[in-house]
Amino acid sequence: MKKYIFVDIDGTLTDSHKKVSKANIKAMNEIEKKDFEIVFCSGRTNDYLVELSKKCNTSRYLISSNGSLIYDQKEKKIIYQDKIPFKILETIYDYCKENRMAISFNTEKNRYCNDFLNYDINYEKKDTKRIRSIKDMESKNITQFVLGSYSYNEMTKVKDFLDTIPALEIVNISTTMKLKQIDSPDGFFYDVVLKGVNKGTGIKNFIKTVNTTKDNCIAIGDHINDIDMFNAVNYKVAMGNACDELKSKATFITKTNDEDGVKYALEHIEKEFI
């Protein structure tokens, strides 16, 4: 039976310069010639993963926005999504407008940013769309939004505000925020989705869609938000640069993302399962 390998992107597939090595691409293409299928699983937007999968010539299925959207590239359709109600988005947008805070919204095809770009959240596409009013988003299906700032204090305040909205959950935070690097030049961000949604639930919904089991699923990751992904699969691979908490849950620890860690992980997985 086919095995599905869920691969995180940042800090896992990509190196410190946000590039995917030729060695990693070749390894993914080679293992898919056997009874394995690569599935990108990331906090990034769906359109970003579509472009990345084209460059790598792999990953028919994409799990984006921290598990809140699953896309089938062959059929060119969404097969699952967890949409955030518009009323909630209005509340968040008004807060950002009042506090001049940067926010971006993830949809199937585009990323939309407000005008208060006091933080560089335009890191995925140069043509990320700008919005002038939250009404521009009323007809869109928003599965995740990202809040960002260069101010640690501002990020602390917005977290307190988010805690008053029980339907939402911060599913991923920047390392700088986690380490409380108050004067970080890289700034800080939160990925926010509906409560209970994460990479793990994304994988569970995928498992139902393709009619497979947890035993046929493998995950490769590096960050704290990959713990939910690990909990949803049978075989867990942590990168050499992964956080200690993730490593403690790993079945196997590969090399770092700057040492073609995904390539070595896939070689190990092939030996384990064939």
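These are notes on a predicted model of a single chain, going from the overall fold to two helices and three residues.

1. **Overall build.** The secondary structure comes to 10 helices and 14 strands. The C-alpha trace spans about 55 × 40 × 35 Å along its principal axes. The radius of gyration is 18 Å; a compact globule of 274 residues would have one near 19 Å, so the chain agrees with that expectation.

2. **Burial and contacts.** Of the 274 residues, 55% count as buried. Among contacts with a separation of 6 or more, 58% join residues 24 or more positions apart.

3. **Surface and charge.** The accessible surface of the chain comes to about 12,700 Å². Carbon and sulfur atoms supply 46% of that surface. The chain has 43 positive and 41 negative charges. The mean positions of the two sets are 3 Å apart.

4. **Helix 3, enclosed.** Helix 3 covers residues 46-56. Eight of its 11 residues are buried, so the helix is largely enclosed by the rest of the structure. The buried set is Asn-46, Asp-47, Tyr-48, Leu-49, Val-50, Leu-52, Ser-53 and Cys-56. Their cover includes helix 1 (9-13) and helix 2 (22-31). It also includes strand 2 (36-41), strand 3 (61-64) and strand 4 (69-72). Asn-57 follows the helix, and its phi is positive, near 55°.

5. **Helix 5, two-sided.** Helix 5 takes in residues 152-162, and its buried residues are Tyr-152, Glu-154, Met-155, Val-158 and Leu-162. These cover an arc of only 155° around the axis, which puts them on the same side of the helix. The face turned away from that buried side carries Asn-153 and Lys-157, both exposed.

6. **What packs on helix 5.** Two helices are part of the cover over its buried residues: helix 4 (86-99) and helix 6 (175-178). Strands contribute as well, including strand 9 (144-149), strand 10 (168-173) and strand 11 (188-194).

7. **Cys-217.** This residue lies in strand 12, residues 217-221. Cys-217 has 0% relative accessibility and so counts as buried; the cut-off is under 20%. Beyond four places in sequence, Cys-217 touches Tyr-4, Phe-6, Ile-207, Thr-212, Val-233, Asn-234 and Tyr-235. Lys-236 is 19 residues from Cys-217 in sequence. In space, their C-alpha atoms are 8.9 Å apart.

8. **Asn-24.** Asn-24 sits in helix 2. Its relative accessible area is 1%, so it is buried. Setting aside residues up to four places away in sequence, Asn-24 touches Leu-13, Asp-260, Gly-261, Val-262 and Lys-263. Helix 2, which holds Asn-24, is also among the elements covering the buried residues of helix 3.

9. **Glu-245.** Glu-245 is found in helix 9, residues 244-247. With a relative accessible area of 43%, Glu-245 is partly exposed. Outside its neighbours within four places in sequence, Glu-245 is in contact with Ile-224 and Ile-227. Glu-272 is 27 residues from Glu-245 along the chain, and their C-alpha atoms are separated by 24 Å.

10. **Points to check on screen.** For helix 5, view the buried side with Met-155 and Val-158 among its residues, then the face with Asn-153 and Lys-157. For helix 3, look at the cover that includes strand 3 and strand 4. For single residues, set buried Cys-217 beside partly exposed Glu-245.

Definitions and conventions
Residues are numbered from 1 along each chain as its sequence is written. This is a predicted model: local features need pLDDT of at least 70, side-chain atom pairs count only at pLDDT 80 or more; totals for chains, interfaces and linings use all residues. Side-chain values use heavy atoms; hydrogens and water are left out. Buried means under 20% relative accessible area, exposed over 50%, partly exposed in between (1.4 Å probe, protein chains only). Helices (H or I, at least four residues) and strands (E, at least two) are DSSP runs, numbered from the N terminus. The arc is that of the directions from the helix axis to the C-beta atoms. Contact means heavy atoms within 4.5 Å. The radius of gyration is taken over C-alpha atoms; the globule rule is 2.2 Å times the number of residues to the power 0.38. Accessible areas come from the Shrake-Rupley method with a 1.4 Å probe; for residues, only the protein chains shown count as cover. Lys and Arg count as positive and Asp and Glu as negative; His and the chain ends are not counted. The place of a charge is taken as NZ of Lys, CZ of Arg, CG of Asp or CD of Glu.
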